[in-house]
2 protein chains.
Amino acid sequence: MTTNKHTIYYTLTDEAPSLATCSLLPIVRAFTSAAGIDVKITDISLAGRVLAAFPENLTDEQKVEDGLAFLGDLTQDPDANIVKLPNISASIPQLKGCISELQSQGYNIPNFPEAPSTDEDKEIRARYSKILGSAVNPVLREGNSDRRAPAAVKAFARKFPHSMGAWSKASRTHADYMRNGDFFSSEQSITMPEAGDVRIEFVSKDGQVEVKKELSLEKGEILDSMRMSCKALRDFFEESLQDAKETGVMWSLHVKATMMKVSHPIVFGHAVTVFYKELFDKYGDLFKELGVNPNNGIGSVYDKIADLPRSKREEIEEAIHACHEHRPELAMVDSVKGITNLHVPSDVIVDASMPAMIRNSGKMWGPDGRPKDTKAVMPESTYARIYQDMINFCKTNGAFDPTTMGSVPNVGLMAKKAEEYGSHDKTFETEEGTMRVVAADGTVLMQHEVEAGDIWRACQTKDEPVRDWVKLAVNRARQSNTPAVFWLDQERAHDLELTKKVKEYLKEHDTEGLDITIKSYSQAIRFSMDRMIRGKDTISVTGNVLRDYLTDLFPIMELGTSAKMLSIVPMLKGGGMYETGAGGSAPKHVQQVEEENHLRWDSLGEFLALAVSLEDMGIKQGNKRAAILAKTLDAATGKLLENNKSPSRKTGELDNRGSHFYLGMYWAQETAAQTEDPELAAHFAGLAKTLTENEEKIIGELAACQGKPADLDGYYHAKRETVKRVMRPSATLNAALAAVNPS
Amino acid sequence: MTTNKHTIYYTLTDEAPSLATCSLLPIVRAFTSAAGIDVKITDISLAGRVLAAFPENLTDEQKVEDGLAFLGDLTQDPDANIVKLPNISASIPQLKGCISELQSQGYNIPNFPEAPSTDEDKEIRARYSKILGSAVNPVLREGNSDRRAPAAVKAFARKFPHSMGAWSKASRTHADYMRNGDFFSSEQSITMPEAGDVRIEFVSKDGQVEVKKELSLEKGEILDSMRMSCKALRDFFEESLQDAKETGVMWSLHVKATMMKVSHPIVFGHAVTVFYKELFDKYGDLFKELGVNPNNGIGSVYDKIADLPRSKREEIEEAIHACHEHRPELAMVDSVKGITNLHVPSDVIVDASMPAMIRNSGKMWGPDGRPKDTKAVMPESTYARIYQDMINFCKTNGAFDPTTMGSVPNVGLMAKKAEEYGSHDKTFETEEGTMRVVAADGTVLMQHEVEAGDIWRACQTKDEPVRDWVKLAVNRARQSNTPAVFWLDQERAHDLELTKKVKEYLKEHDTEGLDITIKSYSQAIRFSMDRMIRGKDTISVTGNVLRDYLTDLFPIMELGTSAKMLSIVPMLKGGGMYETGAGGSAPKHVQQVEEENHLRWDSLGEFLALAVSLEDMGIKQGNKRAAILAKTLDAATGKLLENNKSPSRKTGELDNRGSHFYLGMYWAQETAAQTEDPELAAHFAGLAKTLTENEEKIIGELAACQGKPADLDGYYHAKRETVKRVMRPSATLNAALAAVNPS
């Protein structure tokens, strides 16, 4: 294996980010080449992953490297340095679209087998299954998570604050969650004293034992098990609906059916069948026949009745409307189109929808298009309580003020599919009986009595990631000189096990002078908010779910978006992955390019990630020029924000390419101006001069191409040469970059 | 001075408690005499204090000992053991009533000079001034405060819970308070490095210096100064009224005009003149002429216009009603009589009214007699925030459950008029200029720019009480094996000074194994409530105001009343005072005796106080029998509660006297049953037998007297012999007691 000490692996992904890469990379390379750093493209796009899955179907010329597998191996190299851009988490329709595009381009890959029956089809389906959904992050996230708002972004938000809806002290909005019968109230947890195998078993009422899953656990691994009662869940929904009706607030459901892909669709389905109880009572048999699946939302009913005779369809639609009569108003996803919160499970993702509601004065949109106070229903209480705490806080102290508020960075336990986020293959909808976890020697380690329809799940948390997470927290507290709070709820079985480890592993570090505490979620968020409104920062050190939730929640309050956060994955093996923002790969942006050749994608995330990537290379490899370039890049990003040179949404104005030009110009100016390395300064003096003098000309060239359609020769697998031509239209800029980095 | 090692000083006070004493004391003495303890009556009644103030006007036979002066001296004796019952804090009308009663009884005491002009009248007025208001507690409370719910009372509340109104998650109720311009936001604080004199000065705009007050401060004494802006206060009232109007909640004001007798009436007056702005704009001159004082409430307007011609009066009354049109609904004190929250300042005392509201689902009573969500206005933010925290907590977790909730006992800084509660003589309504505190050498220690109408005040906190308070907290944490939280807000100048002392004095104690922390008020109350709903106790260690507030707030949630709390004042000099409940001296109860000879006064507070008084004597004097009697008395009290032998409100049922009988019977049974001291057991076997066997007879004798009027031969100064006859009507009981304690 060649050395990776001087290489940054930059991922080629999909849609808008991949277009932006084509414009940005030549600029980046002009700088990194001066530090002896090679920036290598690694293709992990959906098309690239499809092609890599079927090498035997392709000609030698068509064959591609398996970029994801390569990066997967690379995560084990202490020198790994990966800049990761957002990519497609493919749904089946997206995958099928990609396949047919590749086939049309002459790639002989097989169709996606919807219902595989032959062994061959099953094999094909298995290969495609590995490509579906969130397939990239689990391979690459071989470490925990370190997320924070970069100084330049924070300064920008303070100077140009996003809007925040005022909060009324008399607001009726609140979070509602189960008080019993949920996962929280049934959680059990053990830590393995030695490595060993365990079985997850279901024992039926008549004593039949069925092995649902076998697991090999490591020494020190934490295993949790928990149960959500179907009856308690449905009772809770009914009560919350009646309470909302009586008190006159809207009702809205907030789950995360995409991420919690096994358990949350079931929860969502119960919400639908409780809300529309009379409908499902009356048409249950017909719906079964039609293949209605309430777990896919009330939208599933509309879909499946579409082909019924008009009179029958209208009868059912009336029955749907009749249900609304005695129910509270439902929060809307799209009040114009009449799309409610119960329409499609993926429409309301708790970690995005709750911060949006809190920013919007605690209101969601009603059927009449007006913002209204809401009962925000999150059945599982474990994490829901933090939202109620923030709501209470806003009622008491008013909306957060972006111009003065402090920051809540996060150090999150994530590696090796920790906690709930790795639980999908250990989640079951049960029959009546007993779910239990049994050791190899037959000892029952944990068990729950369950009823038909209950959801039971087990979660794993390996020891090595916990130890690394504690180390990361201490390092972050030291480097930022900021109090760090471990969010660990002493009422939770899992957190009690985790707390023991945290206390143990904290002893491995010098924590002298650091303010590191352990607090329950409620106390942690209140403590952090109390500090935040006084301009003080507090590091949140959390498990995997809270990592996900908080790195939307606080950034959306502080910065108006979570896309501007620095997101670093310090790998367990010592390497680093630098993720560039969140928010997906933006298909709508590609449409705008195809129609008007304007790319509104904001590469701020890439700028920020690249700076930490370079900074890290400076530290780990002793590359002083990398360190200098990191600093000058950060300064350039700051200037870019301050001068408002981010892409505009409007065609004709500055777009992604123009923004890249300004980054290059500021970066060259900053590097030329630094005095630490005069030779490096001299090297960039020319570029700085050329770009500064030709600013108007280059911006003109970049603007000239806008306003007419641009053909990219493909969507999932656009031609690189075509994209390059489209994304690099300024001859003056291209020449200036070539002069610095002739290779 | 004779030794006080074997004496309990039992205060003779006023009204219902003094009647109850007459019945209870013979029972108590029957027991204490067996332990060699003398229970001595000390008269601190209003009448007693008046007589003691004018010895030269009385015949030798009429002369009385100055009980309060005696007890004041006694507080300095390490052996002091005082049981203190509620007494009258006399208003001027009460004092005048007392004077005329004494004169009618042949005591040649002078009239109360309303407007003294002669030197003689001034001298008389000065003597009476010392008797007015809260005159007893400042003399006797020569220590800090230790209050908690006794085990028997807590057990009773768990078994027979008081009603708690349910809380809606969508409740609109909230606390509202100033965000700037109040005392909190302007507080300054210094600690005296050495003893020294300081001056409080006002400097007018033209440089004139006026000395408002001179103080001699001790070494280590904390002095605070703070200012409430009149303009900010009035703006806040206006905004809060408009917000309440817009959001459709009621508006209610919660101050403590009785205790904060200088500053809060002014605050109350501003509320009245802002709410009724148009009224005061239009009739201001007339009101001035008539002597209307808005600080006495809108009731003052009604009083003063009563003698105007009907047409004028009606015009003004219409103008009052017109103001209500564009204002939010006002919370009512008595909706039947139309008495609002702004009628009389003493009608809504924050520490009683807020817990009552929280128990009542967060609602107050509206003009239509219905309970409604309310904006509870407490202008000064320092302590108001704890109520908002509790409101948020109830919205989130529902009403507290007396059957499962834990307890929040209090260790309060109180000695030597600590903090705001000693600030009355250092509180000023200012003109425009500068208020400042100047050292003897002319150094300006603190200063505030002030405007006309601002309220400025200084507060003192002496070092010795702080040191004692810390000791008390550590002892209480150790004895109860319960976490203790110092409520100290690091955003407050005063609390920062106090925190330094707390940290210093904590070092003087062995705190190994104790959980003692310092938290802001918000974090402290949330922490305590989080524990409380899980059945866990948390000691609150607070300053003087929070002592007062919390020892109503938590007991009212836990026990339904604060009257059942144990209230101990461990004196700085080593003695102890045991206060019996709260709730005043209950004038209405006396009326019921006079009309129907039924005394509903509950002596539970006396039973509890007496038990700790005895316990303390057991410990301090090594009096083993006192220790045993303390234990058997507590057991008897528990039995009494469990068997529901507390006084009924209804004439004909068990009253105070019957309840005393049961206490005596249970106490005798418990003492006879204990095995620690067989001789003592034998001594009480007879009494136990007699009382048990004659239960029906005695209860009959006690009941027989009820239902007809009882003449007490006086109200403030009833004849002791008459009272004794009324309060001890059971010959059987009297004989049984005499048999044990023939003296």
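**Entry 1: a pair in helix α21 of chain A**

I began with Asp616(A) and Lys620(A), which stand four residues apart in helix α21 (residues 604-620) of chain A and are therefore separated by about one helical turn. The helices and strands I name are DSSP runs numbered from the N terminus, with H or I over at least four residues for a helix and E over at least two for a strand. I note here that this is a predicted model, in which local features need pLDDT of at least 70 and side-chain atom pairs count only at pLDDT 80 or more, while totals for chains, interfaces and linings use all residues, and that side-chain values use heavy atoms, with hydrogens and water left out. Residues are numbered from 1 along each chain as its sequence is written, and chains are lettered from A and ligands numbered from 1 in the order in which they are written.

The two residues form a salt bridge, with the closest N and O atoms 2.7 Å apart; the term stands for a side-chain nitrogen of Lys or Arg within 4 Å of a carboxyl oxygen of Asp or Glu. I then looked up accessibility, taking buried as under 20% relative accessible area, exposed as over 50% and partly exposed as in between (1.4 Å probe, protein chains only). Asp616(A) is buried at 19%, whereas Lys620(A), at 38%, counts as partly exposed.

**Entry 2: other salt bridges**

Searching the whole structure, I find 112 salt bridges over all chains. In chain B, I looked at Lys312(B) and Glu315(B), whose side chains meet at 3.4 Å, N to O. They lie three residues apart in helix α13 (residues 310-325) of chain B and so are separated by about one helical turn. Both count as partly exposed, Lys312(B) at 29% relative accessibility and Glu315(B) at 34%.

I next took Asp463(B) and Lys501(B), which form a salt bridge with an N to O distance of 2.9 Å. This pair links distant parts of the chain, since Asp463(B) belongs to helix α16 (residues 463-480) and Lys501(B) to helix α17 (residues 493-506) of chain B, 38 residues apart. Asp463(B) is buried, with a relative accessible area of 13%, and Lys501(B) is likewise buried, at 9%.

**Entry 3: where chain A touches chain B**

For contact I used heavy atoms within 4.5 Å, and on that basis 27 residues of chain A and 26 residues of chain B take part. The buried area, meaning the accessible area (1.4 Å probe) that two parts lose on being put together, summed over both, is about 2,200 Å² between these chains, with carbon and sulfur atoms giving 39% of it.

I count eight salt bridges between chain A and chain B. Glu491(B) forms a salt bridge with Arg534(A), with 3.1 Å between the closest N and O atoms. On the chain A side, β5 (174-176), β14 (371-377), α15 (381-397) and α18 (521-532) each supply at least two residues that touch chain B. The largest share, seven residues, comes from α15(A). I also noted a network of salt bridges linking Lys169(A) with Asp176(B), Arg179(B), Asp243(B) and Lys375(B).

**Entry 4: helix α9 of chain B**

Helix α9 (residues 230-247) of chain B has 18 residues and reaches 26 Å from its first C-alpha to its last, close to the 26 Å expected at 1.5 Å a residue; the expected span is 1.5 Å times one less than the number of residues. Its buried residues are Cys230(B), Ala232(B), Leu233(B), Phe236(B), Phe237(B), Ser240(B), Leu241(B), Ala244(B) and Thr247(B). Seen down the axis, they fall within an arc of 170° and so line one face of the helix, the arc being that of the directions from the helix axis to the C-beta atoms. The face turned away from them carries the exposed residues Lys231(B), Glu239(B) and Glu246(B). I traced the packing of the buried residues to β5 (174-176), β9 (222-228), β10 (250-253), α10 (263-275) and β14 (371-377) of chain B.

At the N-terminal end, Ser229(B) caps α9(B), with a side-chain oxygen 3.3 Å from the backbone nitrogen of Lys231(B). After the helix comes Gly248(B), whose phi is positive, near 75°.

**Entry 5: helix α26 of chain A**

In helix α26 (residues 720-727) of chain A, I find Thr722(A), Val723(A), Val726(A) and Met727(A) buried. Seen down the axis of α26(A), they fall within an arc of 120°, so they line one face of the helix. Glu721(A) and Arg725(A) are exposed on the other side of α26(A), and the buried residues pack against α1 (15-32) and α23 (656-673) of chain A.

How values were computed: A polar contact is a pair of N or O atoms within 3.5 Å; within protein, one must be able to donate a hydrogen and the other to accept it, and residues adjacent in sequence count only if both atoms are side-chain atoms.
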